[in-house]
Amino acid sequence: MEIPYTVKPRPDTGLYNAKVGIWLFLASEVMLFGAFFSSYILLRVGALDGFWPDVPTAWPHGLLNIPIGTFNTAVLIISSVTVVMAWVALKQGNFKKFQRFMTVTIACALGFLCIKSYEYNEKFTHYVIRLKDGSAVTGHLDIDGHSPRFWTLATVTEKKMASVKVHVDVPNQFRYPVGMKRPEAHHEGGEHAEHAAREIKTSDITFLQAFVPATGTFFAIYFTMTFLHGLHVLGGAIVLAYFTYCSKKMWETDPERLTNRIEVGGLFWHFVDLVWIFLFPVVYLL
Amino acid sequence: MHTATTHASDHGHAHGGAHDHHEPGFWSKYIFSTDHKMIGIQYGITSLVFLFFGFLLMLAMRQQLAYPGKALPIVGQFLAKTLGDDMAKDGVMQADLYNSFGAMHGTIMVFLAIVPLAFGAFGNYVTPLQIGAPDMAFPRLNMASFHLYFLGGVVMLASFFIPGGAAKSGWTSYSPLATLADRDHIINGQTMWLIGMVLLITSSLLGAVNFITTIIQLRAKGLTWMRLPFFVWAQFVTGFLLLLAFPPLEAAGVMQLVDNVLKTSFFLPTGLVTSGGQVPVSGGGSPLLWQHLFWFLAHPEVYVLILPAMGIVSEIIANNTRKPLWGYKSMVYAALGIGFLAFIVWAHHMYLTGMGTKISTFFQTTTMMISIPSVIILTALFISLWGGSIRFNTPMLFALAFLPMFGIGGLTGLPLGFNASDIYLHDSYYVIGHFHYVVAPGTIFGLFAGVYFWYPKATGRYMSEILGKIHFAGSLLCMNLIFAPMFVQGLKGMSRRMYDGGATYFGGGLGADPGILQLNKVITHSAILLGLFQLPFIFNFFWSLWAGKKVESDNPWQATTLDWQTPTPPPHGNFASEPVVYRGPYEYSVPGASKDFIQQGQPG
């Protein structure tokens with residue numbers, strides 16, 4: 001006996017096996033990301049009142065680059081359209097057209113990951129520095145024209161540096177939610193000095209860390225969720241690439257099976273897109 | 001591996017007469033098998049080995065509880081040599097070793113022994129046979145699922161031998177304890193535990209997707225939902241529990257892993273201070289978050305443990321009373337009810353965490369509600385016995401013992417479910433007695449019953465009845481001698497966390513009741529005896545492969561369901577011809593019929 005309904009749908013359910021499987025898998029994925037979103041809510045509700053970075057455990061706002069995030073959202077949405085077009089092309093029996101649309105999809109996926117890596121790198125070179133007087137600044141280190149990653153106060157003291165040069169962010173470049181009062185600019189230069197360079201004595205610094213997961217719960221959940229989403233994008237892109245470029249033979253012998261594979265892969269791809277549609281407003285905008 | 005999978009995909013048979021049913025080699029037959037029966041057996045053997053290993057960990061702990069500070073007999077010197085002085089100086093179990101054995105006993109028993117045995121082994125072997133399917137819907141996914149499980153087990157075992165030893169923060173791994181234990185080692189026991197768990201969870205998820213798809217899609221012609229054997233229903237609900245409850249633990253596991261490795265603060269509160277001073281983390285996290293995410297899985301997990309056992313017991317009771325199950329439909333709806341309610345009772349494990357009385361009251365209410373469907377199933381099984389001419393073979397004895405044992409386990413849970421009485425009882429030996437009654441003489445007896453019941457189908461030979469009955473009687477007696485005294489100890493206020501068995505507490509003149517400590521010895525000796533009573537089973541299991549009585553037919557128990565309509569043992573593809581189902585699952589003793597059972601696939 002062969003396993004039935006691997007390609008043709010079962011009459012009473014109207015579905016072939018893989019389609020049931022992928023919907024169940026997506027249900028578990030909903031629970032996975034649902035747990036992360038719930039954790040996000042709980043951590044954020046539990047964060048202290050006040051403004052980050054002045055209050056270390058307050059929730060930061062506006063640290064992420066919204067134009068880039070919006071662009072990345074558009075990239076993923078385009079890929080979701082093209083993955084459907086690719087499936088339609090297969091339904092029409094046009095393998096070449098399928099491969100073209102799928103190539104666009106995979107290119108979008110890789111583009112998304114490249115942009116995300118750029119954003120990560122941007123965070124790893126961005127620092128929060130707390131001073132003995134209780135104030136805190138954020139900005140990029142300037143070490144002989146370089147902007148190093150992952151430094152901590154220990155790195156600075158190990159290198160026996162008397163002071164570090166910092167391109168300080170203008171504090172109100174961060175947006176704050178409606179109704180929240182913006183903090184006063186508390187360093188010289190004020191609002192007009194874009195990224196004022198400032199020498200900070202090592203002896204004045206109590207804490208220095210890049211925007212890495214350990215810096216705060218916002219960073220922790222931001223990196224964990226976007227990294228996990230990135231893994232889904234990468235995994236999806238690899239599978240779709242396999243379906244696209246190693247499927248010529250299956251197209252000739254069993255085209256319906258290939259079409260099903262693309263449908264199932266497309267469902268997963270839409271899900272990955274959908275997660276981002278939630279993730280983008282939650283971490284970038286709110 | 002490829003030879004085994006290609007016939008599923010090569011529908012076209014473009015290459016003419018060359019048929020592909022040649023004998024697979026050792027690797028593709030035993031290691032990379034995609035046949036659900038072989039995978040079921042792989043799961044069965046591996047999980048039985050883990051079951052025994054988890055039991056041995058517990059024996060070492062029991063020895064320490066009964067004779068605190070004395071060197072462990074037999075294994076003491078070996079542990080001292082392999083694990084070092086920190087763990088077992090001069091063969092004496094140290095606190096760290098006790099904690100790590102405790103954490104690993106729980107982890108191994110739940111995630112590596114019972115779930116894989118109940119769901120992986122029985123689910124894999126029996127479900128496709130009972131629904132008349134040639135295999136699972138996704139055979140290669142099935143293989144991947146077993147391999148991930150095996151890998152998870154290897155990671156868990158390896159963690160005993162790394163610096164600092166295995167995870168030692170309980171099978172619940174509460175933060176901040178779990179996050180801060182052995183923090184100076186980057187790869188510590190807890191990290192290994194989390195990696196192992198992620199592998200095991202992924203394995204369960206693949207399994208759950210596969211099982212549910214198989215049951216929805218591959219049911220034989222005529223096998224409508226209300227003609228499914230109750231065992232299949234139990235597996236179906238279990239599949240949904242695993243599918244939907246495990247991902248939040250996976251999320252929690254990932255977050256705790258990030259907490260351990262990248263030093264984040266998902267579960268670490270602001271201003272956390274230990275004996276080493278303030279912990280250098282950002283803070284802002286929530287220990288309660290871990291507990292919510294953990295118990296969101298771990299309570300449904302209880303039903304993952306019990307439902308398959310209920311399924312097995314139902315099959316065996318119907319078969320050996322020669323009567324239909326009483327209230328089959330109510331049992332099905334009760335199982336579905338359990339499946340739904342299981343998701344909204346988790347926080348009854350957290351009454352004393354400062355969660356708040358309103359939330360406690362909500363979870364107390366749902367907890368009382370979920371006892372109703374469990375009682376429905378148990379009552380239906382009890383009534384099923386009424387007026388039957390019962391055959392007392394070994395599987396039936398285990399199935400019969402399951403009923404009162406699970407009953408005791410369930411009923412003793414009620415005082416824990418009420419948050420007022422839980423204030424007194426929580427964290428005491430009463431809790432241990434309660435859930436072990438559910439899982440050990442409950443679930444494990446159900447699983448033993450299943451092993452004795454389906455062994456003739458898998459091997460073509462019966463297991464020895466005499467050895468089986470010795471195994472049964474000894475196990476039943478010892479299980480009760482182990483777990484019943486724990487209720488007494490718990491009611492007397494003995495904490496479950498003391499590694500000297502309460503000697504410092506009760507021995508120091510603080511309400512000293514030497515009887516309570518004497519019970520530790522009773523329990524330990526009974527546990528050793530229980531171990532000895534498993535030897536007949538182990539011997540029987542292997543000896544019967546060669547010397548067991550051969551079955552007279554493909555249906556040695558005169559059962560009705562489709563699994564007994566296959567050749568013995570079932571070949572690749574299971575059925576000689578496509579089975580068609582004409583009737584319900586339990587047509588025993590139908591008035592006017594020529595025999596006392598009518599198989600589901602029998603027309604007319």
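How much area do chain B and chain A bury between them, and what share of it is on carbon and sulfur atoms?

**View 1. Where chain B meets chain A.** The two chains bury about 3400 Å² between them, 72% of it on carbon and sulfur atoms; buried area here is the accessible area (1.4 Å probe) that two parts lose on being put together, summed over both. This is a predicted model, where local features need pLDDT of at least 70, side-chain atom pairs count only at pLDDT 80 or more, and totals for chains, interfaces and linings use all residues. Chain B puts 49 residues into the contact and chain A puts in 36 (contact: heavy atoms within 4.5 Å). The salt-bridge count between them is 0 (a side-chain nitrogen of Lys or Arg within 4 Å of a carboxyl oxygen of Asp or Glu).

**View 2. The two domains of chain A.** Domain 1 covers 18–122 + 216–285 and domain 2 covers 125–212, with bounds from an automatic or database domain assignment. Their centres, taken over C-alpha atoms, are 33 Å apart. Residues are numbered from 1 along each chain as its sequence is written, chains are lettered from A in the order in which they are written, and side-chain values use heavy atoms, leaving out hydrogens and water.

**View 3. Around B:Phe230.** Skipping neighbours within four places in sequence, B:Phe230 is in contact with residues including B:Met310, B:Leu325, B:Tyr328, B:Ile377 and B:Tyr586.

**View 4. The start of chain B.** Over residues 1–20 of chain B, pLDDT (the predictor's confidence in each residue, from 0 to 100) stays under 50. For chain B, the mean pLDDT is 92, and 95% of its residues reach 70 or more.
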